[in-house]
Protein chains: 2
Amino acid sequence: MNLQNDLILRAARGEKTERTPVWLMRQAGRVLPEYREVRAKMGGFKELVKSPEFACEVTVQPVDILGVDAAIIFSDILVIPEAMGLDYEMVESRGPLFPKTIRTAADVEALRVANGVDDLSYVCDAIRLTKAALGNRVPLIGFAGAPWTILAYMVEGSGSKTFSKAKRFLYTEPQTAHALLEKITQSTIHYLKAQVAAGADLVQIFDSWAGILSPAQYREFALPYIARISEALHTLVPVTVFAKDAHFIRRDLGQLSSCHTIGLDWTMDATESRQLIGPDKTLQGNADPCLLYSDFATIKAEAHKMLRQFGSQRHIANLGHGLYPDLEKDKVRCFVDAVKEFQW
Amino acid sequence: MNLQNDLILRAARGEKTERTPVWLMRQAGRVLPEYREVRAKMGGFKELVKSPEFACEVTVQPVDILGVDAAIIFSDILVIPEAMGLDYEMVESRGPLFPKTIRTAADVEALRVANGVDDLSYVCDAIRLTKAALGNRVPLIGFAGAPWTILAYMVEGSGSKTFSKAKRFLYTEPQTAHALLEKITQSTIHYLKAQVAAGADLVQIFDSWAGILSPAQYREFALPYIARISEALHTLVPVTVFAKDAHFIRRDLGQLSSCHTIGLDWTMDATESRQLIGPDKTLQGNADPCLLYSDFATIKAEAHKMLRQFGSQRHIANLGHGLYPDLEKDKVRCFVDAVKEFQW
């Protein structure tokens with residue numbers, strides 16, 4: 001495997017890069033008209049996720065259209081609960097909905113530990129197809145949700161502003177919560193190892209609801225499970241952890257020796273984050289997605305400002321969150337180009 | 001005016017307190033069965049806000065029922081847009097909805113600067129009634145939304161996970177945004193001065209959506225207007241600023257000489273916050289509201305842990321966010337009692 005562009009892998013490993021690499025969370029998605037066209041032919045989001053051919057097609061799109069330095073496999077973090085036996089629906093413009101949620105120890109007992117190769121073979125197939133389609137142009141990123149975020153959906157049953165049912169579960173049923181987190185962690189390790197075996201060059205753990213836990217709860221219910229996953233993967237591929245909104249955990253993440261890259265959202269100052277995290281991690285992020293509503297000159301100027309703040313090495317440029325679907329493709333491309341053209 | 005219990009005012013001014021005072025955001029509200037009973041007699045949330053008699057009744061309730069050290073006038077931050085000429089509806093279980101939103105400079109031009117005494121006389125009447133009903137037992141807190149949060153609703157038109165329309169407005173129409181913030185700021189200063197004239201003993205500025213702005217945007221579009229309001233009020237009464245989720249602005253708030261107290265949410269560590277903010281402010285907060293789903297022993301232990309973390313002086317105990325409506329009254333009372341009984 002000789003990748004023509006391995007900038008992101010080198011940046012993640014702390015090796016020298018001649019320019020800052022760039023990719024965008026949700027780059028394979030509704031922001032691209034080409035994605036919407038493909039999707040219109042399909043039954044819905046879940047069908048798209050489960051079709052390796054279509055997942056491959058939309059995964060490669062942003063590499064061609066936006067010129068990003070990596071592809072990320074088109075999938076969803078909620079494939080894990082489903083593979084564990086807890087089904088969900090994706091309700092248009094409302095998000096995921098679990099008809100049944102986890103309440104008791106018996107509910108947790110009834111779940112199985114998912115086996116990546118068997119239960120999630122469609123993702124592995126999509127990765128294999130995509131690797132072939134990419135033809136070694138850029139690395140392919142695999143991913144999974146962090147155990148706390150997956151638990152949050154399994155208990156809450158849907159998205160929420162406060163996730164108060166899920167947090168209540170941590171406060172009132174801590175043992176059951178740990179049992180559930182354990183099963184999710186084992187499933188996720190199998191799943192990410194299967195993704196790597198299928199060809200993923202780097203894996204990212206998304207803790208989307210990290211920021212609604214207190215520091216103490218995060219240290220008890222979230223970080224140890226992320227560490228377990230990271231430790232199981234880091235000798236295979238570089239590992240990125242993105243704990244959105246969890247400003248309070250940056251110092252701890254800096255000490256997580258098994259992880260290579262820390263994702264930052266746009267509220268986290270580059271200099272302060274570097275101080276908290278230390279010199280041994282690559283930082284990823286962190287432009288505000290709403291910046292891409294600006295005019296082209298502003299996007300370019302702010303992208304360059306971001307690059308100067310992070311410095312020329314150990315940085316992977318990205319947004320601080322996923323692309324919003326109503327952003328214009330040309331504005332997104334402008335951000336990517338601004339990173340790529342920057343002269344140090 | 002000789003308040004029998006002025007602990008909160010003394011704590012805010014940095015004067016010695018014999019114990020840590022406590023009140024709770026949203027203490028006047030659905031968490032109390034007594035509130036739900038009063039409310040069932042009324043047409044809806046907005047009618048309740050506009051009826052001084054009922055606002056007075058529910059404002060006093062938590063002083064009697066929970067034993068808190070302050071009352072906070074029952075009202076809503078969105079009375080300001082309405083007084084400026086932008087009406088809203090409160091949709092049951094969905095939140096506020098603005099039939100018309102702000103888009104252009106002409107929209108901003110058409111708004112008036114609200115006059116607290118005339119446009120919002122019902123709030124001032126409620127404050128006068130409440131002061132009489134409290135009979136100098138505890139201080140009465142007045143409040144308003146911070147200009148950025150008010151703008152966010154006026155532009156977005158409703159609650160939102162990302163407030164991307166409001167943030168887009170800042171990126172694409174910065175001058176119009178500043179013009180709108182200026183009118184909101186003037187309205188808010190008039191409004192809070194009228195609240196103080198009517199009897200409010202302390203005012204709190206709620207920046208509920210502070211945490212979705214980048215540090216740079218917060219410094220341009222939010223903090224200067226909060227500073228203006230704080231400067232206009234601080235010689236009259238102590239001023240509290242609560243910028244929810246804006247971990248990145250704590251150092252700046254510590255340097256805002258006109259403000260007495262900084263509110264903290266539950267993600268903000270007490271020791272770290274004190275270091276960032278410095279010794280000259282009182283800190284308010286910051287238990288996770290979901291802690292109150294725990295058993296009584298845990299609530300008590302965690303409340304005491306919080307008190308020890310903040311220290312015995314310059315702290316006003318509170319949650320890091322408003323009470324959730326499905327919390328049990330006895331659990332809420334347990335938290336209040338735990339603070340009041342703590343022996344240093």
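Here are some notes on this predicted model of two chains, A and B.

1. Confidence first. The predictor scores the model at ipTM 0.95 and pTM 0.97. For chain A the mean pLDDT is 96, with 100% of its residues at 70 or more. As a general caution, predicted coordinates should not be read in detail where pLDDT is low.

2. How the copies are arranged. A turn of 180° with a shift of 0.0 Å along the axis lays chain B on chain A, and the RMSD is 0.0 Å. The two copies are thus related as by a two-fold rotation axis. The same surface is used by both: 100% of the contact residues of chain B turn up again in chain A.

3. The interface. On the chain B side, 20 residues are in contact with 20 residues of chain A. Which element of chain B gives the most to the side that touches chain A? That would be helix α10 (residues 164–172) of chain B, with five residues. By character, the chain B side splits into eight nonpolar, eight polar and four charged residues.

4. The sheet in chain A. Seven strands form an open sheet with parallel pairing, in the order β1-β4-β5-β6-β7-β8-β9 (chain A). At the edges sit β1 (71–72) and β9 (315–319) of chain A, each of which pairs on one side only.

5. Strand β6 of chain A, residues 239–243, deserves a look. Five of its five residues are buried, so β6(A) is largely enclosed by the rest of the structure. V239(A), V241(A) and A243(A) point one way from the strand, while T240(A) and F242(A) point the other way, and all are buried.

6. The neighbours of β6(A). Strand β5 (residues 202–207) of chain A runs parallel to β6(A) and is joined to it by five bridges. Strand β7 (residues 261–263) of chain A is also parallel to β6(A), with three bridges. T240(A) is a handy landmark here: Q204(A) stands opposite T240(A), and the bridge partner of T240(A) in β7(A) is T261(A). As for the connection, β5(A), helix α12 (residues 215–233) of chain A and β6(A) make up a right-handed β-α-β unit.

7. Strand β8 and its cis peptide. Strand β8 (residues 282–287) of chain A pairs with β9(A) in the parallel sense over five bridges. A287(A) has L319(A) as its bridge partner in β9(A). Where is the cis peptide bond in chain A? Look between G285(A) and N286(A), where omega is about -5°. N286(A) belongs to strand β8 of chain A. Chain B has a cis peptide bond between G285(B) and N286(B), again with omega about -5°, and N286(B) lies in strand β8 (residues 282–287) of chain B. For context, most peptide bonds are trans, which makes these spots worth a check by eye.

8. A positive phi at F163. In chain A, phi of F163(A) is near 45°, a positive value in a residue other than glycine. F163(A) sits in the loop between α9 (147–156) and α10 (164–172) of chain A. Buried or exposed, F163(A)? Buried, because 23 other C-beta atoms lie within 10 Å, and the cut-off is 20 or more. Chain B gives a matching picture: phi of F163(B) is near 45°, and F163(B) lies in the loop between α9 (147–156) and α10 of chain B. With 23 C-beta neighbours inside 10 Å, F163(B) counts as buried too.

Technical notes
Residues numbered from 1 in each chain as written. Chains lettered and ligands numbered in written order. Predicted model: local features only at pLDDT ≥ 70, side-chain atom pairs only at ≥ 80, totals over all residues. Least-squares fit on C-alpha atoms with pLDDT ≥ 70 in both. Contact = placed C-beta atoms within 7 Å. pLDDT = per-residue confidence, 0-100. Helix = DSSP H or I, 4+ residues; strand = E, 2+ residues; numbered from the N terminus. Nonpolar A, V, L, I, M, F, W, Y, C, P; charged D, E, K, R; others polar. Pairing = 2+ DSSP bridges. Buried ≥ 20, exposed ≤ 12 C-beta atoms within 10 Å, placed from the backbone. Right-handed = clockwise from strand over helix to strand, strands pointing away.
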